[in-house]
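Me: Please take a close look at the charged side chains in this one and tell me how they pair up. I'd like the story told in one go, with the cut-offs spelled out.

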Amino acid sequence: MEAKIVSLSLMLVLLTLATSTEASKYQFLKLKETNIRFYMQDWETGLKATVFPIAGIPNKPWQVTRFGTVMAIDDKVTVAIERNSSQVGRLQDIYVNSALDGTDLHLLVSLVFTNKEYNGSTLEIQGADMFYQKYREVSVISGS
Ligand SMILES: *[C@@H]1O[C@H](CO)[C@@H](O)[C@H](O)[C@H]1NC(C)=O
Ligand SMILES: *[C@@H]1O[C@H](CO)[C@@H](O)[C@H](O)[C@H]1NC(C)=O
C-alpha cells in the first residue's frame, strides 16, 4: 500500500516537471506586434454601392441602425483614404445589428489581401462594434 502511494506521488512530481518544462519552452518567446493601417472604401449609396441590407425584421425597415438588420459588404481596401489610392485587398463581411436599442453591430469580417506581397492571405475579424463610440476594439480571431 505504501509503495503505491510513493509511486503515485513520484508520478505527480514527474507530471509537474513535464508541465513546467512545457511552460518554460515558451517563456522566452517574445510576442511580435504588427501594426497595419488600411482604409475601407465603404459606400452605402450610389451606383457603386458596396453595402446592402440582405435581411431584417419582417414589416420593419431594414436599416443598419435597427436591431435585426443583416448587411452584406464588399469594400475595396486601400493604403490611403482617397478613393483612387492603391488597393491592397477587399473587406468582405456580414454584420448584424445585435442590440435591441440598435447601438451595436456584430461583425464577421474577412480581410482578403490582393496585393502582391500577401495575395490570397486573410485576416478574420469578429466581435462587437459599438459604432456610436469614436474608437472601438474588435478581435482578430484568426487568419491564413
Ligand atoms: C487620385 O485623384 C486625385 C484627384 O482626382 C489626383 O490628384 C491623384 O493624383 C489621384 N491619385 C492616384 C494615385 O491616382
Ligand atoms: C493574386 O492571385 C490571383 C489568383 O491567383 C491572380 O489572378 C492575381 O494576378 C494575383 N495578384 C497579384 C497582385 O499578384
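Reply: Here is a walk through the charged pairs, with some context before and after.

Some bookkeeping first: this is a predicted model, where local features need pLDDT of at least 70 and side-chain atom pairs count only at pLDDT 80 or more, while totals for chains, interfaces and linings use all residues. Residues are numbered from 1 along each chain as its sequence is written, chains are lettered from A and ligands numbered from 1 in the order in which they are written, and side-chain values use heavy atoms, with hydrogens and water left out.

Now the overall layout. The protein has one helix and seven strands, where helices (H or I, at least four residues) and strands (E, at least two) are DSSP runs, numbered from the N terminus. Reading from the N terminus, the order is α-β-β-β-β-β-β-β. Of the 144 residues, 22% are buried; buried means under 20% relative accessible area, exposed over 50%, and partly exposed in between (1.4 Å probe, protein chains only). Accessible surface adds up to about 11000 Å², with 61% of that belonging to carbon and sulfur atoms; these areas come from the Shrake-Rupley method with a 1.4 Å probe, and for residues only the protein chains shown count as cover. As for contacts (heavy atoms within 4.5 Å), 34% of those between residues at least 6 apart in sequence join residues at least 24 apart.

On to the pairs. Side chains of opposite charge can pair when their charged atoms come close. Taking a salt bridge as a side-chain nitrogen of Lys or Arg within 4 Å of a carboxyl oxygen of Asp or Glu, the count comes to two.

One of them is D74 with R90, whose closest N and O atoms sit 2.7 Å apart. This pair ties together distant parts of the chain, since D74 is in strand β3 and R90 is in strand β4 (residues 87–97), 16 residues apart. D74 counts as partly exposed because its relative accessible area is 31%. R90 is partly exposed too, at 25% relative accessibility.

D129 and R136 make a salt bridge as well, at 2.6 Å from N to O. D129 lies in strand β6 (residues 122–129), whereas R136 belongs to the loop between β6 and β7 (139–143). D129 has a relative accessible area of just 9%, so it counts as buried; R136, at 38%, is partly exposed. The two side chains also score as a polar contact at 2.6 Å, meaning a pair of N or O atoms within 3.5 Å; within protein, one must be able to donate a hydrogen and the other to accept it, and residues adjacent in sequence count only if both atoms are side-chain atoms. R136 has another polar partner: its side chain reaches the backbone oxygen of Q133 at 2.9 Å. Leaving out residues up to four places away in sequence, R136 touches D129, M130 and F131, and D129 touches T103, D104, L105, L107 and R136.

Then there's D75, also in strand β3 (residues 70–78). D75 is buried yet has no salt bridge, and the nearest side chain of opposite charge, R90, is 6.6 Å away. In that search Lys and Arg count as positive and Asp and Glu as negative; His and the chain ends are not counted. What D75 does have is a polar contact of 2.6 Å with the side chain of T50. Again skipping residues up to four places away, D75 touches M40, Q41, D42, W43, T50, V51, G89, R90 and L91. So R90 is on the D75 contact list while its salt bridge is with D74.

Two uncharged spots round things off. F52, I54, I94 and L108 make up a nonpolar surface patch with about 360 Å² of accessible area together. Patches are built from residues with over 30% relative accessible area and no salt bridge, joining like charges within 9 Å and nonpolar side chains (Val, Leu, Ile, Met, Phe, Trp, Tyr) within 5 Å. F52, in strand β2 (residues 51–55), is partly exposed at 45%.

The other spot is N59, in the loop between β2 and β3, which is exposed at 81% relative accessibility. Most residues other than glycine have a negative phi. N59 has a positive phi, near 65°.
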